[in-house]
Amino acid sequence: MTTPSLPPRPARRAVIVGSGISGLAAALTLHRAGWQPLIVERAPERRTGGYFVRFFGPGYAAAERLGLLDALPNRQRPGARGFEIDRSGRVTPGLTFPDQGDGTPLRMLLRSDLERVLYDAVHDLVEIRYGTGPAAITQDRHQVTVTMTDGSVESADLLIGADGIHSTVRSLAFGPEDLYREDFDHAVAACVIDGALPGVRDGDTMVATAPGRSAWINTYVDHPPVAFLLYRTPWPAAEVRKNPSDALREVFGDFGGTIVPAMLNAMDRSESVLFDQVSQIHINRWSQGRVVLLGDSAWCMSLYSGQGSGMGIAGAELLSRLLEEHDCVPSALGAWEQQLRPLTTRYQKEALRMQHFFMPVNRFGHIARRGLVRVISHPAGAKIAKAIMN
Ligand SMILES: Cc1cc2nc3c(=O)[nH]c(=O)nc-3n(C[C@H](O)[C@H](O)[C@H](O)COP(=O)(O)OP(=O)(O)OC[C@H]3O[C@@H](n4cnc5c(N)ncnc54)[C@H](O)[C@@H]3O)c2cc1C
């Protein structure tokens, strides 16, 4: 006697809010796991911009498994050189980013490289609806229903909030952002530089630091240099509401010889300057029923961790794998969080340490950082540092 075969189960549906690195990675991996994802993105079109990304560790390993690595460039020039600039503009040898980290090679990329590779992989397979996002969320045991800001309504097996640090999904399903955002007393500004800077050659990284301030210029293969500036401020939320040019000139006006003033001039000419506060997200559960947070909305670790994009990809890959293994969505979400949380907690803690590398927060930190740079820029010190990084 033959048993009648069951009709194939219809593909499970997921609504993904946000088409950043995490949202695109979720769409790709869920599609490969047999789901039917829909992305909704608040911006009117693709967000192709973004700044530097050190890409290594779990994200790098996930990108390799997903077959994305070949399409990702390494924008660090072989033989790249690092320099430190003191307050008066004197230039001394400094550090370059290592070529390994957390057990994998480290690639210098731009956020736009990751966005392009992920977008190319999904845009023929997954619907992306721009100019909309969630206005209300309801759920029962069987489905989650999202009413969008354009009035449309979508029901699905799963809602993924991959909508970044200021997540609307988190606000709607978990409560206001203030409960979960922990701010550093830091502001960050970044922009692409539209021309050559005095004394900066292709392949160079230059860093000017003083207690509570730092200014970085990174050069890239086949891309203009990117400048970013960090400084301490007691009221970062109020600070980043100021005009960036005025705020930055006030803090960096007397700083870094000719290079920092040239960076400030380039920022004035740029149409797109990132000017924001630096924060982390700490929330004790990433899912409620069929709603889950992914990427910066769940665990934003800040730029100091070097893991934000990478963990968006690694988190999406693991989530899709567990959803494939578990029929019950809430059980898959629980298993996912149990596996992933130790890693994100570790990187959040590492970010607290790494902030001192990016910007010495006080006089003592400045002296310690200078000493460390001197040791590491010596060949013997570099070997020790490399061993520690790996
Ligand atoms: C200066 C700087 C340097 C960094 N350096 C590194 C690094 O070296 N290595 C690294 O791995 N990471 C780095 N990061 C962090 C990394 O860029 C982020 O962690 C990562 O891009 C987060 O991706 P995401 O997709 O989770 O969120 P986001 O990139 O914030 O994407 C969220 C998306 O959701 C959309 N959205 C928001 N609200 C809504 C809504 N209500 N409805 C619909 N859509 C919505 C947004 O428009 C956006 O497209 C750096 C960040 C900065 C700023």
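The shell around the ligand mixes all three residue classes: nine nonpolar, 14 polar and six charged residues. This is a predicted model. The shell holds 29 residues, and Ser22, Glu41, Arg47, Arg54 and Thr168 come nearest to the ligand.

Where in the fold does the shell come from? Two helices and two strands each supply at least two of its residues. The helices are α1 (21-32) and α9 (308-325). The strands are β2 (36-41) and β3 (52-55).

Now look at the polar contacts. An oxygen atom of the ligand sits 2.8 Å from an N or O atom in the side chain of Arg47. Arg47 is also among the residues that come nearest to the ligand. The side chain of Asp296 takes part too, with an N or O atom 2.9 Å from a ligand oxygen. At Ile21 the partner is the backbone: one of its polar atoms lies 3.2 Å from an oxygen atom of the ligand. How much of the ligand does the protein bury? Taken alone, the ligand exposes 1000 Å², and the protein buries 88% of that.

Turn next to the cysteines. The disulfide count is zero, where a pair would need its sulfur atoms within 2.5 Å. Is Cys191 buried or exposed? Cys191 has a relative accessible area of 0%, and buried means under 20%, so Cys191 is buried. Cys328 has 38% relative accessibility. That value falls between the 20% and 50% cut-offs, so Cys328 counts as partly exposed.

Methods:
Residues numbered from 1 in each chain as written. Predicted model: local features only at pLDDT ≥ 70, side-chain atom pairs only at ≥ 80, totals over all residues. Heavy atoms only, no water. Near = heavy atom within 4 Å. Polar contact = N/O pair within 3.5 Å; in protein donor to acceptor, adjacent residues only side chain to side chain. Areas by Shrake-Rupley, 256 points an atom, 1.4 Å probe, with all protein chains shown as cover. Helix = DSSP H or I, 4+ residues; strand = E, 2+ residues; numbered from the N terminus. Nonpolar A, V, L, I, M, F, W, Y, C, P; charged D, E, K, R; others polar. Buried < 20%, exposed > 50% of the residue type's maximum accessible area, 1.4 Å probe, protein only.
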